[in-house]
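User: Please take a close look at one buried part of this protein and describe its surroundings in connected prose. I would also welcome an account of related features elsewhere in the chain.

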Amino acid sequence: MTWAEDSIFSFRILGNTIVVLRGISGRDAFFTRGLDFMAGYRLLNSELDDISRTVNSFGDLGSMMSKFFSSSVLESLSPLLVEDALRVLEKWGDDGANNPFTSLNEIVFTLVARITVCHEFSEDPRKIQALISIFKRLETGSSHTSVLFPWFPTPARLKKLVAGVQLYRMISAVVLSRKENGRREDDPLQAMMDKGLSLTETTALLAMLLVGATTNTGNVVTWILIYLEANPKWKSLVQHEARQLYEDSHTFGPYHDTPQQLLAMASIEKQTPILDCCILETLRMLFKGPLLRKNIGDDIFVDQKRVPHGAFVMFPTADIHDNPCFYPAPKEFNPENFSADAVHERQQHGTTFLGWGSGRHVCPGRRVANITMKIITILILSKFDIQILDEGGKPVRRAPEQLEDALFRVLQVKEAVTLRYDVRH
């Protein structure tokens, strides 16, 4: 990491001024000056205007999200989420090998679909595979080319349009089935039906919720396993913690071992402190790219330098996550960076972690993503003995490099890895 002497510099793209803030003064300005989050990302995706209008038409989307991400709802869903994950893992068999970026993403979509969309999707493997295909095409259609030439009908943009239509039809079929059978469910889709939203609005909102909860989750949970493999001490600690929790949840006797009693949400969230630290450290290691905002207010000044009204503003998260003042040996994976003492020590420096956003723009899907990653990690380490192998078939001893061809996302590895697993007896 090369530290800039200046706290600010700028460039232009597509007729827009982009101001890059650097260092501590840049961080403080970026997170305290009221820069607009949604307006910033419209630079990369003009379709956010349509989504914003749909959100505004819903009115109380935030209240709905708070309800469906609440402790009581997630607690009630916990046994179903565990059952969903076990159902997918059952298809793996007793031993084998797979691409973890693919296999774990299937589990992520299965769990997140139940929380953010509807139960019908999570319980049908064919629908989950369809969702994965749809969102892969939606993602491909939002490429660098679409930013530079938003008017050009590239094949990727056409595939994106077809994917949107396919998602609309899938949701439409569930809505029709519920109406015909007089069936109601307690999920986001039902809330939107009750609100009277059109199918187009419902599709847009559900797509936004699903994208928000899955975009990085599948890749991050895979990276967690990669970093644990490369750091045997931490793999052993997390493995012991996960297996202890899983075994404790099976001590109900022969007549009470039901899915409803497996891995209660409170246990998942409160009894895995080592895994918590590993998740946060993995996010720190992975998130190095820029955050984006737009100055929709008056001109602001950072170190006597002007950020004009209308300018887009970026802040590179590496200025925080790779800062040796906050994280000794920042290039090394060390979950102790998130021990209670280390976190307390950093509090005097203000914001020192951006893995879940910060300030007014903390990731709304944080809890869902975190719970999803923990359930997957706990179950895999409890049911299997696993190894992450490099291209030569040997256990990973140093985490490989991450691809770097996309903004704001966690990508896969530059060199392929394999998840090798054997069921525990």
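Analyst: What follows starts from one residue, Arg-284, and then turns to salt bridges, cysteines, backbone angles and a surface patch.

The model is a predicted one. Arg-284 is placed in helix 16, which spans residues 273–286. Its relative accessibility is 0%, so Arg-284 counts as buried. Which residues are in contact with Arg-284, leaving aside its neighbours within four places in sequence? They are His-321, Asp-322, Tyr-327, Pro-330, Glu-332, Asn-337, Phe-338 and Phe-353. Pro-335 can be placed relative to Arg-284 as well: 51 residues separate the two in sequence, and their C-alpha atoms are 9.8 Å apart in space.

Ala-329 belongs to the loop between helix 17 (318–321) and helix 18 (340–346). Its phi is near 50°, a positive value in a residue other than glycine. Most residues other than glycine have a negative phi. With a relative accessibility of 48%, Ala-329 counts as partly exposed. Asp-303 also has a positive phi, of about 50°, and is not a glycine. This residue is found in the loop between strand 5 (300–302) and strand 6 (305–307), and its relative accessible area of 39% makes Asp-303 partly exposed.

Helix 17 also takes part in a salt bridge. The side chains of Arg-22 and Asp-319 meet at 2.6 Å, N to O. The pair links distant parts of the chain, 297 residues apart: Arg-22 is in the loop between strand 2 (16–21) and helix 1 (23–32), and Asp-319 is in helix 17. Both partners are on the buried side of the classification, Arg-22 at 11% relative accessibility and Asp-319 at 2%.

The whole structure holds 27 salt bridges. One of them joins Lys-414 to Glu-401, with the closest N and O atoms 3.0 Å apart. Lys-414 and Glu-401 both lie in the loop between strand 8 (384–389) and strand 9 (418–423), so this pair ties together parts that are 13 residues apart in sequence. Lys-414 counts as partly exposed at 45% relative accessibility, whereas Glu-401 is exposed, with a relative accessible area of 54%. Another salt bridge is formed by the side chains of Lys-127 and Asp-124, at 3.1 Å from N to O. Here Lys-127 is partly exposed, at 28%, while Asp-124 is buried, at 14%. In addition, a network of salt bridges links Glu-120, Arg-178, Arg-183, Glu-185 and Asp-187.

The cysteines give another result. A search of the whole structure finds 0 disulfides. For Cys-277, the closest cysteine sulfur is that of Cys-278, 6.9 Å away, which is too far for a bond because a disulfide requires sulfur atoms within 2.5 Å. Cys-277 is buried, with a relative accessible area of 16%. Cys-325, by contrast, counts as exposed at 60% relative accessibility.

Finally, a nonpolar patch is present on the surface. It is formed by Phe-9, Phe-11, Ile-13 and Leu-14, which together have about 340 Å² of accessible area. Among them, Phe-9 lies in strand 1, residues 8–13, and counts as partly exposed at 40% relative accessibility.

Methods
Residues numbered from 1 in each chain as written. Predicted model: local features only at pLDDT ≥ 70, side-chain atom pairs only at ≥ 80, totals over all residues. Heavy atoms only, no water. Helix = DSSP H or I, 4+ residues; strand = E, 2+ residues; numbered from the N terminus. Buried < 20%, exposed > 50% of the residue type's maximum accessible area, 1.4 Å probe, protein only. Contact = heavy atoms within 4.5 Å. Patch = residues over 30% accessible without salt bridge, like charges linked within 9 Å, V, L, I, M, F, W, Y side chains within 5 Å. Areas by Shrake-Rupley, 256 points an atom, 1.4 Å probe, with all protein chains shown as cover. Salt bridge = Lys/Arg side-chain N within 4 Å of Asp/Glu carboxyl O.
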